[in-house]
There are 2 protein chains.
Amino acid sequence: VKKSDVVKLILKNKYLGTPLKQTGVAFAPTNIALCKYWGKRDNDLNLPVTSSLSIALGKKGAKVNFQVINETHDLITLNGEVLDVASAFAQRLVTFLNLFRLKQGPYFSIIIESNIPIAAGLASSACGFASVVLALNQVFGWNLTVTELSILARLGSGSACRSLWQGFVEWNAGQRADGMDSYGQPLNFNWPDFCIGLLVMSEKEKHLSSREAMLRTVNHSALYSAWPAKVTTDLVKLKTALSEKDFTLLGETSESNAMSMHATMLSAWPPISYALPETVMIMQKIWKLRSEGLPLYFTQDAGPNLKLLFLEAHLLQVKAEFSHIEIVKPFAHI
Amino acid sequence: VKKSDVVKLILKNKYLGTPLKQTGVAFAPTNIALCKYWGKRDNDLNLPVTSSLSIALGKKGAKVNFQVINETHDLITLNGEVLDVASAFAQRLVTFLNLFRLKQGPYFSIIIESNIPIAAGLASSACGFASVVLALNQVFGWNLTVTELSILARLGSGSACRSLWQGFVEWNAGQRADGMDSYGQPLNFNWPDFCIGLLVMSEKEKHLSSREAMLRTVNHSALYSAWPAKVTTDLVKLKTALSEKDFTLLGETSESNAMSMHATMLSAWPPISYALPETVMIMQKIWKLRSEGLPLYFTQDAGPNLKLLFLEAHLLQVKAEFSHIEIVKPFAHI
């Protein structure tokens, strides 16, 4: 099964149609996994080995503006800068867009504005591809369901399939070879007190993409074999934590899941470590604060930055301890 | 099976005898595991889940001087300082010595001189208990085989059973409940070019003992289940590397084994990390140097310090890169 087969399955008679509108504008939030997506069972379709669970970051994400242009190539602007066609990101986006058009077009001016650092482990590609799919749905007038959009977003970037909603989202791994049962689904849990603190230690692009790191881990880590069972356990714990608003269980499970994901990478060969010295310093600070009674946890993705998890009752204390923190209240605007 | 049962099995009619000599003096080298001992199948007898393989550090180790004294308690001096009877180390040593004597004694003045930092992940307890057992063998005139001494040393500290020899040593896990098949054995591989570089980042006592860390990992790490198979593979690779003098295979296997051990700790709850920010910095430096062509690897034990592995041909380059390194040539004096 190839990506184009999946696109045909979803778009049916609308496959490779002509634009209905000249423009499409969309926003998608970035999402942070509390139970990680780590390892693919299909590298082309971005089908995961396990399910995963995330929280969307409200207004943090990507906004795209599509405009059909009378050209033979796309013109991509990212945060005010025109991207070189040869750049990795431009190539990835163009390859994705080619799934939906013929050689003769249509081509677009695509203006992307992201309020999170690109490729620094803050899921920039997740919100990027989710917003692109939303905009394409407008331009082509597909009128797809959000489930179908989630599947299309996954073809661009796995975790993008979780960025179609605010709040907690589960991505069911599914079992089908064509991935038609592998998409995001919103979980109906509101938690207004829930806070996330972004601690950006480096905005530099990561030295190794998540895609490469995942592949190396699955193929060359002796400990990866124990990861799927860990995820199964953690997903049950997280859903219990959400339904009972048990923050300790949520925090412990999320942090343990993230540490275990990084553990599978350390045991790969060559070893993969996204930690900077500052990452270690901050982790130790968090563990110290927690041992002193502060209910503070963290998660870490494929990058050096940490995302703190805490409740609003401890917001002031967290702010006092981490001067450069950016606070996100995922449910504040819902 | 208790420790005292094992002592009886080994000492037989010599069990709880009186001293033959008034003094005993012994040295044992510390050892660094290239394939780690991580996890016990018997917490009292220090019986391991898996076998392990180490290299002894030549003149780096502990020297003990036992002297029978006319007292009702031991007098322990460590590196020139008299130890408080209530200190953790003194209690551990006295409890061990009690296995070999009655309430009425004999008691000893024990002078320990160690030329490695204590409890900083440099296997101070390994050489400590190995040298103590060697000295006791003299004082009591047991005339035991080195295999029997290895079993007794294990009762004091698991990895001590590998500190009875110079060079490469394998500790066979064994299967018996009484551990009579679980002891060190020297491997007959000389490798005069083989160098070890000690990079001590902290001489402070570790925040969590190996014993506690191991216990928590075995009981509370989802990834530990994959560790025994990793060890089986790595032991085969290491012995191939030794017999073929394949330094790349030795280095890769040792580093991967150490990273995987730490990975099992990170996935424990609460997570266990022995890394300091400097540890991460140095790891990244090693990986960079290696990517530039220097055949340099490392291993790390339950502490922040790293032990570099390289061949004599690269000694000058390694010294130039790491100004505070201490070089050990394990085969220089054999």
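This is a short tour of a predicted two-chain model, with stops to select in your viewer.

Before you start, note that residues are numbered from 1 along each chain as its sequence is written, and chains are lettered from A in the order in which they are written. Because the model is predicted, local features need pLDDT of at least 70 and side-chain atom pairs count only at pLDDT 80 or more, while totals for chains, interfaces and linings use all residues, and side-chain values use heavy atoms, with hydrogens and water left out.

**Stop 1: both chains**

Colour chain A and chain B separately. A rotation of 180° with 0.0 Å of shift along its axis lays chain A on chain B, with an RMSD of 0.0 Å (a least-squares fit on C-alpha atoms of residues with pLDDT of at least 70 in both). That is the relation of a two-fold axis.

**Stop 2: the interface**

Now select the residues in contact between the chains (heavy atoms within 4.5 Å). You should find 27 residues from chain A and 27 residues from chain B. The copies meet through the same surface, since 100% of the interface residues of chain A are also interface residues in chain B. Together the chains bury about 2,300 Å², 75% of it on carbon and sulfur atoms; buried area here is the accessible area (1.4 Å probe) lost when two parts are put together, summed over both.

Four residue pairs, both members at pLDDT 80 or more, are in polar contact across the interface. Such a contact is a pair of N or O atoms within 3.5 Å, where, within protein, one must be able to donate a hydrogen and the other to accept it, and residues adjacent in sequence count only if both atoms are side-chain atoms. On chain A, show α6 (227-244), α7 (247-266) and α8 (277-291): each supplies at least two residues of the side that touches chain B. Helices are DSSP runs of H or I with at least four residues, strands are runs of E with at least two, and both are numbered from the N terminus. The largest share, eight residues, comes from α7(A).

**Stop 3: helix α7 of chain B**

Select Thr264(B), found in helix α7 (residues 247-266) of chain B. Thr264(B) counts as buried at 0% relative accessibility (buried is under 20%, exposed over 50%, partly exposed in between, with a 1.4 Å probe and protein chains only). Among the residues that Thr264(B) touches are Leu223(A), Leu223(B) and Trp227(B). Move on to Met265(B), also in helix α7 of chain B and buried at 0%. Its contacts include Trp38(B), Pro271(B) and Tyr274(B).

**Stop 4: Gln300(A)**

Go to strand β11 (residues 297-300) of chain A, where Gln300(A) sits. Gln300(A) is buried at 3% relative accessibility, and a polar atom of its side chain lies 3.0 Å from the backbone oxygen of Gly303(A).

**Stop 5: salt bridges**

Over all chains there are 22 salt bridges (a side-chain nitrogen of Lys or Arg within 4 Å of a carboxyl oxygen of Asp or Glu), with zero between chain A and chain B. Select Lys239(B) and Glu170(B), whose closest N and O atoms are 2.9 Å apart. Lys239(B) lies in helix α6 and Glu170(B) in strand β8 (residues 168-171) of chain B, so the pair ties together parts that are 69 residues apart in sequence. Lys239(B) is partly exposed at 30%, whereas Glu170(B) is buried at 7%.

Next, pick Lys307(B) and Asp301(B), bridged at 2.8 Å; both are buried. Finish in chain A, where Lys36(A), Asp301(A) and Lys307(A) are linked in a network of salt bridges.

Conventions
Lists of a residue's contacts leave out its neighbours within four places in sequence.
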